[in-house]
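Colleague: I should like to go through the packing and the sheet of this model with you. May we begin with the interior?

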Amino acid sequence: MMRVSNLEELLLENNTVDPASLEKAKTLQREKGVSLPEALVQAGAVSDHDMTQVQARQWGIEFQPIIGDIEVDPVILDKLPVTFLRKYTIVPVKWLEDSLVVAAHDPLDQDPMFDISTIVGVSDIKRVLTPKQEILAAINRLNEMKAESAKDIMDDFVEEDEILRDLESIQDITVMETEAPIIRLVNKLMVQAFRERASDIHVEPYQSDTKVRYRVDGILHDVITLPKRIHSAVVSRIKVMAMLNIAEKRLPQDGRIGIKLGDHSVDMRISTVPTVNGERVVMRILDKSSVLLGLEELGLYPDDLKIIEQLIKQEHGIILMTGPTGSGKTTSLYSMLSCINSPDKNILTIEDPIEYQLKGIGQIPVNTKVGLTFASGLRSIVRQDPDVILVGEIRDLETAEISIQAALTGHLVFSTLHTNDSASAITRLIDMGIEPFLVTSSVNAILAQRLARKICPNCKQAYYPEDESLLEIGLSKEMLDKDGFLYRGAGCAECLETGYRGRTAIYEILILNDSIKSTVLKTSDSNIIKHEAIKEGLHTLREDGARKVEDGITTIEEVLRITQQ
């Protein structure tokens with residue numbers, strides 16, 4: 001291997017980094033004792049993709065940005081364990097006659113290549129350089145190719161029939177939960193759900209069978225139907241993992257499971273409720289190692305982004321986020337907190353539960369068993385000299401009053417409310433018992449949010465919309481591009497035949513200016529408040545959705561579904 005050029009020269013020549021960023025990275029390199037490429041990526045001076053590409057040029061190694069189909073037999077994992085591949089960030093990709101192509105991330109680490117050569121018994125290893133996340137994703141795919149599916153595991157139960165006949169007693173359940181098929185089935189359902197980007201797993205017992213469903217991009221999909229005879233064993237296995245009482249089947253129970261999937265730490269919140277056909281289980285999946293989105297990645301248009309950037313820089317007042325459960329309110333609030341998080345600010349939160357762990361921010365979990373509620377926790381937070389406070393949710397008059405008091409005494413407060421739109425939040429606060437003059441003097445802005453599914457890029461296609469559907473969303477053919485077409489997904493394996501993959505947010509931002517405040521002091525009718533806000537330039541949820549339809553991000557049907565008026 002021969003170096004063709006100096007790394008710093010290459011980076012500066014191609015304008016990949018500027019001299020100031022390079023110096024900052026060198027300081028980080030000295031402080032943390034990491035390599036220069038690693039320091040540059042950690043400092044945010046260059047993306048891992050660009051860094052890997054520059055290193056490939058530096059060392060004269062082929063750069064492969066994307067790993068497509070993996071052409072090696074997954075049985076290779078018997079010789080090269082997944083832990084070994086992840087440790088060195090390498091993955092075998094395909095065979096070329098007598099040589100093995102291996103994607104690697106570090107051009108200087110050659111020892112693993114010698115190990116692979118010896119273990120696999122191939123003398124010629126052809127190395128390509130690939131970004132880290134692409135290699136980790138490929139390792140997961142290779143592991144999945146080797147792993148059984150939930151359906152494969154179900155086939156094993158044909159042979160296990162004698163063990164599965166009587167599952168009602170505690171003793172039989174204990175025996176059952178130590179048997180491999182049940183453990184493998186439950187583990188596989190969890191891993192599969194994570195791989196398919198599911199937010200929830202539902203285990204639903206019916207009279208003759210049990211259905212397992214995943215919620216992907218907000219929509220439930222059937223995954224597998226289990227025989228009724230193993231339902232009790234599956235539920236017991238989940239309860240054992242969540243440290244719940246497997247003997248108690250008559251009362252609802254809540255718990256959590258912490259698991260590791262590759263380099264992802266995943267928290268699962270478990271809820272069981274008794275039904276006439278057996279216990280029903282819902283598992284909420286929270287990826288603790290998921291990267292928090294920046295404000296610019298939330299789906300905000302530049303004009304709305306500018307408004308929010310101004311709002312979160314204010315010294316005091318309340319910023320409320322409204323919307324139904326699962327509409328991304330918490331994610332948006334966390335992104336705002338991250339944006340203003342700095343060493344000179346004391347930021348404290350009270351949440352139920354803590355969904356993301358933020359560095360440099362004090363986060364307090366609600367614990368009703370010991371009397372730590374939103375209200376009592378918030379009282380204590382105010383005495384901790386905070387600059388910024390996040391209250392997970394305003395559920396009662398007491399929490400609302402303390403939040404308003406905090407806002408009026410020089411704190412910036414973020415919180416959520418469950419209302420349909422921004423104007424309804426004002427009505428809700430007044431209905432709780434907050435005086436209108438306190439609402440107008442403390443609340444700076446109210447943001448309503450929904451999550452719209454994005455058109456799958458793999459099967460995206462153009463079509464000419466009908467006038468009626470355009471009219472329903474507030475568009476016309478004259479408002480579209482000269483071609484006059486919109487986009488939708490045809491449905492493919494990548495998007496589970498739905499035509500959608502991933503989600504983006506649509507927003508409605510209500511600023512309480514003098515005109516709105518004057519209206520609120522006269523009436524708490526949300527329709528009148530909203531009408532006044534629209535006159536003041538408010539973009540409604542449906543209008544923001546219509547913009548995203550025009551831009552080919554989502555569809556008319558999706559926007560209508562999430563903005564029913």
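**Cores and sheet**

Modeller: In this predicted model, the largest nonpolar core has 36 residues, and those touching the most other members are Ile 426, Leu 429, Ile 446 and Leu 510.

Colleague: Which helix gives the most to this core?

Modeller: The contribution in question amounts to 6 residues. They come from the helix spanning residues 422–432, namely α16.

Colleague: Which residues is Ile 446 in contact with, leaving aside its neighbours within four places in sequence?

Modeller: Contact here requires heavy atoms within 4.5 Å. By that criterion the partners of Ile 446 include Leu 320, Thr 322, Ser 422, Ala 425 and Ile 426. The list is completed by Glu 508, Ile 509, Leu 510 and Leu 512.

Colleague: How many residues does the second, separate core have?

Modeller: Among its members are Val 186, Val 235, Ile 270 and Ile 285. The size of this second core is 32 residues.

Colleague: Which strands stand at the edges of the open sheet of 6 strands?

Modeller: The strand order is β7-β6-β5-β10-β9-β8, with antiparallel pairing. Each edge strand has a single partner, so one of its sides lacks a neighbour in the sheet. The edge strands are β7 (219–227) and β8 (253–261).

Colleague: Over how many bridges do β6 and β7 pair?

Modeller: Strand β6, residues 209–216, pairs with β7 in the antiparallel sense. One bridge joins Val 216 to Ile 219 in β7. The pairing of β6 and β7 extends over 8 bridges.

Colleague: At about what angle does helix α11 run to β10?

Modeller: Helix α11 (residues 231–241) lies across β5, β6, β7, β8, β9 and β10. Its angle to β10 is about 45°.

Notes. Residues are numbered from 1 along each chain as its sequence is written. This is a predicted model: local features need pLDDT of at least 70, side-chain atom pairs count only at pLDDT 80 or more; totals for chains, interfaces and linings use all residues. Side-chain values use heavy atoms; hydrogens and water are left out. A nonpolar core is a set of buried Ala, Val, Leu, Ile, Met, Phe, Trp, Tyr and Cys residues joined through side-chain atoms within 4.5 Å. Buried means under 20% relative accessible area, exposed over 50%, partly exposed in between (1.4 Å probe, protein chains only). Helices (H or I, at least four residues) and strands (E, at least two) are DSSP runs, numbered from the N terminus. Two strands pair if DSSP finds at least two bridges between them. Axes are lines fitted to C-alpha atoms, for helices over the stretch in contact, and angles run from 0 to 180 degrees between N-to-C directions.
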